[in-house]
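Here is a friendly walk through one model, from a helix pair to rings, loops and confidence. Please keep the sequence and the coordinates at hand as you read.

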Amino acid sequence: MTFSVHGLAVSRGIAIGRAVLVASSRADVAHYFIDASKTTEEVQRVRMARNAVTEEITRVQHDLPKDAPHELAALLDVHLLLLQDEQLISGVKHWIIDRHYNAEWALTTQYEIIARQFDDMEDEYLRERKADLEQVVERILRHMKGVASPVQPAAQAGASRKKSQQDLLLDDTMDVPLVLVAHDISPADMLQFKQSLFAGFATDVGGKTSHTAIVARSMDIPAVVGARSASQLIKQDDWVIIDGDAGVLIVDPSPIILAEYGFKQRQGELERERLNRLKHTPALTLDGQKVELLANIEMPEDTLGAVKAGAVGVGLFRSEFLFMGRSGQLPDEEEQYLAYRKAIEGMHGLPVTIRTVDVGSDKPFDKPAGRAQEGHLNPALGLRAIRWSLADPPMFLTQLRAILRAAAHGQVNLLIPMLAHGSEIRQTLALIDHARALLDNKGVAYGPVRLGAMIEIPAAALTLKLFLKYFDFLSIGTNDLIQYTLAIDRSDESVAHLYDPLHPAVLRLVADTIAECQRQGKGVSVCGEMAGDVNMTRLLLGLGLRSFSMHPSQILAVKQQVLRADAGKLVPWALRVLAAEEPGLVLDI
């Protein structure tokens, strides 16, 4: 019987194949008490498994193929850091030595404790780092049980399978591939996709900013994550369609549905080939308007993918990624300088916009000694982003000096997140001047930077003239702007349906920001999810936007929309959308 499972669409495309099921190792962990004389032996079992995983990941890093996504190297580093995490190591020892838990039980117990801390984090990306911890624990458990990587057996799966009606239907048009259905997949296992028969994958957990999703997009693998109980509902060898565009899994499809998706799959492949031909085509509208298509990146290595996608610069370098997974040890000035310089040089003279660290006081790399344990009733409205930086001037000055020094090697824009008050603006600018003075006093070379501010709080969008008095450009962070305008916690599933980019209030704030920047001759871009949504491209063009910043994988699809648009003719239509009570209805016309 055909049924569907819904999740999150994180990587475009359609995959069709037989399901290879991988259960979670934590699901069948034995729980028993050990004799006091066995504690040393149990600790050693965990240590040996952890060392084996460390060696395995190090080996994978060393053997990374040249065409492997650069995101993978960074994610593998995160897993190595987690393997050395003191809270994980000491916690496991505690449960074994003091409570006499067996090794597997101790490991999963300590995982649950740390996982709850991740659940309490407000920032979506950091909250989803729980998945990386889970993947590390899964790998340790697999080594303790002597189980291989879940991806490796793919080539042997299904070799002697009896053909079904679906097999016979596809035999004439394609080789029947396999799709992986798992609780989660680690970055190291993702590498096996290049050497396996897997055409796509689906996981029970994960979000749009999970590492699994990031790597899937970079490798262009059709994927659906956050499909809840997919690994329990789908049986081994079931026929599965993974619709990475809609975020849907179709299980045991009828021949008619299978034929329909087979056609969609071939159409999608042809569309990708057509998009690839646009890489070197200038982004010009039909009426000759030049449009900037920039890349959002998380790590310096991501610049390779940005250049490959045809980005004309980096519109958002999320510097907080350099601060993650460090057990409270913040990167020093030299480390940050080298990272920013690497990104700048990786763009070969194209501009790079570096956003200062955007974190909150509930994050694991905040100041320890009690602050991380404080209660934050609503971290989204608490000490985060520039508020956090201004509360810790030495940390902020370290980052500012590093960015200024890196600016000597190329075009750099310095972007400040979450400003709302004139006093915050003046305090920020004073610290930037102070950072320059410190470098001058030491005789250290640095370069000029253009200063910009994120517009992600309604208060900022309503006081644009104040912002434009001090800044060279503005960048609209639509993700937070929507959240704060509509009072929606986008991580709360009970109200997530109210998160609406097309709400009239949101569109009005976006349109007014673009218009005011144009009036004053200042630059403006959109760097949130709205920028990479092809359904929003024409509207943003009609509102006057000429600079979009998005994940590199979205650039070519947005460029196609730009090339097909007449910006001048879109203006009256965009104004009608803006004036409508239900903009979504007008947008679809």
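Val137 lies in helix H6, where helices (H or I, at least four residues) and strands (E, at least two) are DSSP runs numbered from the N terminus. At 0% relative accessibility, Val137 counts as buried; the term buried means under 20% relative accessible area, exposed means over 50%, and partly exposed is in between (1.4 Å probe, protein chains only). The C-alpha atom of Val137 is 10.0 Å from that of His79, and the two residues are 58 apart along the chain.

The model is predicted, so local features need pLDDT of at least 70 and side-chain atom pairs count only at pLDDT 80 or more, while totals for chains, interfaces and linings use all residues. Residues are numbered from 1 along each chain as its sequence is written, and side-chain values use heavy atoms, with hydrogens and water left out.

**The H4 and H6 pair**

Two packed helices are described by the angle between their axes and the distance between the axes. Helix H4 (residues 103-119) packs with helix H6 (residues 130-145) at about 175°, and their axes are 10 Å apart. The axes are lines fitted to C-alpha atoms, for helices over the stretch in contact, with angles from 0 to 180 degrees between N-to-C directions. H4 is therefore roughly antiparallel to H6; angles under 35 degrees count as roughly parallel, over 145 as roughly antiparallel, 65 to 115 as roughly perpendicular and the rest as oblique. On the H4 side, the contact residues include Leu107, Tyr111, Ile114 and Phe118. On the H6 side, Val137 takes part, and Leu133, Ile140 and Met144 are also among the residues making the contact. Contact here means heavy atoms within 4.5 Å.

**Rings and charges**

How many aromatic pairs does the structure hold? There are six aromatic pairs, where rings of Phe, Tyr and Trp (its six-membered ring) pair if their centres lie within 6.5 Å, with planes under 30 degrees apart counted as stacked, over 60 as edge-to-face and the rest as tilted. Tyr101 and Trp105 form a stacked pair because their ring centres are 3.7 Å apart and their planes are at 5°. Tyr101 is buried, at 13% relative accessible area, and Trp105 is buried too, at 15%. Ring pairs also link Tyr101 and Trp105 with Phe33 and Trp95 into a cluster.

Elsewhere, charges sit over rings, which requires NZ of Lys or CZ of Arg within 6 Å of the ring centre and within 35 degrees of the ring normal. The charged end of Lys264 sits over the ring of Tyr261, 4.6 Å from its centre. Arg405 lies over the face of Tyr337, at 4.1 Å from the ring centre.

**Two loop residues with positive phi**

Asp252 and Met418 each have a positive phi, although Asp252 is not a glycine and neither is Met418. The table places them side by side.

| Residue | Phi | Loop between | Relative accessibility |
|---|---|---|---|
| Asp252 | about 50° | strand E8 (248-251) and helix H11 (255-276) | 30%, partly exposed |
| Met418 | about 60° | strand E12 (412-416) and helix H16 (422-442) | 1%, buried |

**Two further sites**

Gly226 is in the loop between strand E6 (223-225) and helix H10 (230-233), and at 18% relative accessibility Gly226 counts as buried. Leaving aside neighbours within four places in sequence, Gly226 is in contact with His6, Gly7, Thr203, Asp204, Val205 and Gly206.

Is Lys465, by contrast, buried or exposed? Lys465, found in helix H18 (residues 464-470), is exposed, with a relative accessible area of 61%. Not counting residues up to four places away in sequence, Lys465 touches Glu516 and Gln520. The C-alpha atoms of Lys465 and Glu516 are separated by 7.8 Å, with their positions 51 residues apart along the chain.

**The whole chain and its confidence**

The chain comes to 24 helices and 16 strands, and 55% of its 589 residues count as buried. Among contacts between residues at least 6 apart in sequence, 71% join residues at least 24 apart.

The mean pLDDT (the predictor's confidence in each residue, from 0 to 100) is 85, and 83% of residues reach 70 or more. Over residues 168-174 the pLDDT is below 50, and this stretch has 12 contacts in the model beyond near neighbours in sequence. Residues 361-375 also have pLDDT below 50, with 29 contacts counted beyond near neighbours in sequence.
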